[in-house]
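Colleague: Could you take me through one part of this model in some detail? I'd like a close look at the sheet, and then a word on how the domains sit.

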Amino acid sequence: MTPAVSFTKVSRHFGTVRAVDAVDLEIQPGEFFAMLGPSGSGKTTCLRLIAGFEQPTAGHIRIFGEEAQGVPPYRRNVNTVFQDYALFPHLNVLDNVAYGLMVRGIGRAERHKAAEEALALVRLPGFGARKPSQLSGGQRQRVALARALINRPKVLLLDEPLGALDLKLRESMQEELKILQTSLGITFVFVTHDQGEALSMADRVAVFNEGRIMQVGTPQDIYQKPRSRFVADFVGSSNVLPPDFVQRYAGQRRWGSLRPESIRVARQAAGEGVQARVVALNYLGSATRLSLDAGGLRLHATVPAGAALPEPGEHVALTFNREQLHLMEEGA
Amino acid sequence: MRSDRSTSAPLALKLAAAAGLLFLHLPILLIFVYAFTTEEKTYQWPPPGFTLRWLAVTWNRPDVWQALSLSVKVAALSTVIAIVLGTLCAAAVSRTRFFGRETISLLVILPIALPGIITGIALRSAFSLMEIPFSTWTIVLGHATFCVVVVYNNAVARFRRTSGSLIEASMDLGADGFQTFRHVVLPNIGTALLAGGMLAFALSFDEVIVTTFTAGQQQTVPIWMLEELVRPRQRPVTNVVAMIVVLVTALPILVSYYLTRDSDQIAGAGK
């Protein structure tokens, strides 16, 4: 199968800054693909390379098998939902959504009908006559989505589209985006710095750092089997364990990662397991997060709500199943 | 911050404010009054009588018409040049980053900070060095130097307020460069250009200093008026023309003021 988007050794340098550095990537048709990373990690530049706003310094980008080099944004069958939505302030919602058809010379009646349908798709029927300034953040986001979908793109690019929304709205939009993507069958490429968002929505996730992809995989892979310390740390604040520690429990001198929820905390100090002292407790609602000091090694453990909690300063014993301890690659 | 209590200003302050306003505007009113006086040689107060005769006299003076038409022509041409060059320059400076960007921005704004007399002398010596004879175009060139600034400043301010991603969004949706300019850029900067253009027109219309150096024997309205004041013949004609100049220049400035004031909300509504 031809990949929807493929990067072959793609680099984009700005002066001496390597925003994207020799990235290889394949995104499959119909996939919900997330690019996850801290700000400045190159994920947005990758998105702009696909959209055609940036040209690679080296390497090749193919969109459904076609070389993208030299193809301007307006001739790519790819549309973008911008981070700031970029709705045209001088046009009403209907004309904003119909813009892509208007510049293609589609007649007024026909394009307005299509725009109405697109608005209904994002659950904003009847909002056509309003100006973007009269809409809430969540509504603007939907208009931007409808506008990007009206040209029936093969790939939809979303640049941190939920970043400006409040938590409640973000959660419902995550769900809606996922449903929309499944029903339309369009390839979604989604940029985010929120690991929770990436894990909950994407079919596959690429973790970016300093212009490179650190790991690509399903959310389960990324979460449970981080390949490097960076991934373990960035995706879900895992406990990163040094080789000395890992050798004692797994017999191999490698870096390891252990999820906070995999650690069991026993209140009797003399028991078997890793001896640690409770430094602090953070109440999270569904669980309580313990900060622990195990002989100089700082660890985190989560205790589900309802379980008995130790006091700060108390000595505890930590145990975990050997298979929960994930070994990272050599030299990671 | 506006206080909730609607306390009125003290009487002394009110009087001072009124005196200030009178000082500024009474002379202008006097000019209007003398346009209708029956006395033609001196400015006698109070005017011995009122007449509408001078309107007709002015209408029939060919030198007035010549000066007016030259002024309108020059103002219109400099405005068109200013709009084209000012917009292009503003787009370049605010949309892209290149070596010397700040310098170019400064150089474009400089002519309005520079005393007109310097601009005038510089242009005049340049024209004579290059042996360019004085014509409408030499005046237009002189006026364009400061008209460009006005349009540039307006356009740059608007470009800065318009989100850059609008242009990318337009391209992304399938519009080429020309379509993007027509459907997205122009509607967003249109009022700024209109305001800048009107201001440029008004500035050009009553410019004296640069014009004296670049006009040669030609007379624009302000130059004609200066000449006219020296000769005590049909003096009220000058006042009639002054009245027209006030109307021609004040109206566009007022309109441009209202246009930019309203458009603040339009331009800021992007997000």
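Modeller: Here is the sheet, followed by the domains.

This is a predicted model, where local features need pLDDT of at least 70, side-chain atom pairs count only at pLDDT 80 or more, and totals for chains, interfaces and linings use all residues. Residues are numbered from 1 along each chain as its sequence is written, while chains are lettered from A and ligands numbered from 1 in the order in which they are written.

The sheet of chain A is open and has four strands, in the order S2-S1-S4-S5, with antiparallel pairing. Strands here are DSSP runs of E, at least two residues, and helices are runs of H or I, at least four, numbered from the N terminus; two strands pair if DSSP finds at least two bridges between them. At the edges sit S2 (17–27) and S5 (66–67) of chain A, each pairing on one side only. Seven antiparallel bridges link S2(A) to strand S1 (residues 5–14) of chain A, and Phe14(A) has Val17(A) in S2(A) as its bridge partner. Helix H1 (residues 43–51) of chain A packs on this sheet, touching S1, S2 and S4 (58–63) of chain A. The direction of H1(A) makes about 65° with that of S2(A), using lines fitted to C-alpha atoms (for helices, over the stretch in contact) and angles from 0 to 180 degrees between N-to-C directions.

Now the domains: chain A is divided into domain 1 (5–233) and domain 2 (237–327), with bounds from an automatic or database domain assignment. Their C-alpha centres lie 38 Å apart. Six residues of domain 1 of chain A are in contact with six of domain 2 of chain A, meaning C-beta atoms, placed from the backbone, within 7 Å. On the domain 1 side, helix H8 (residues 229–234) of chain A gives the largest share, three residues.

How values were computed: Contact = placed C-beta atoms within 7 Å.
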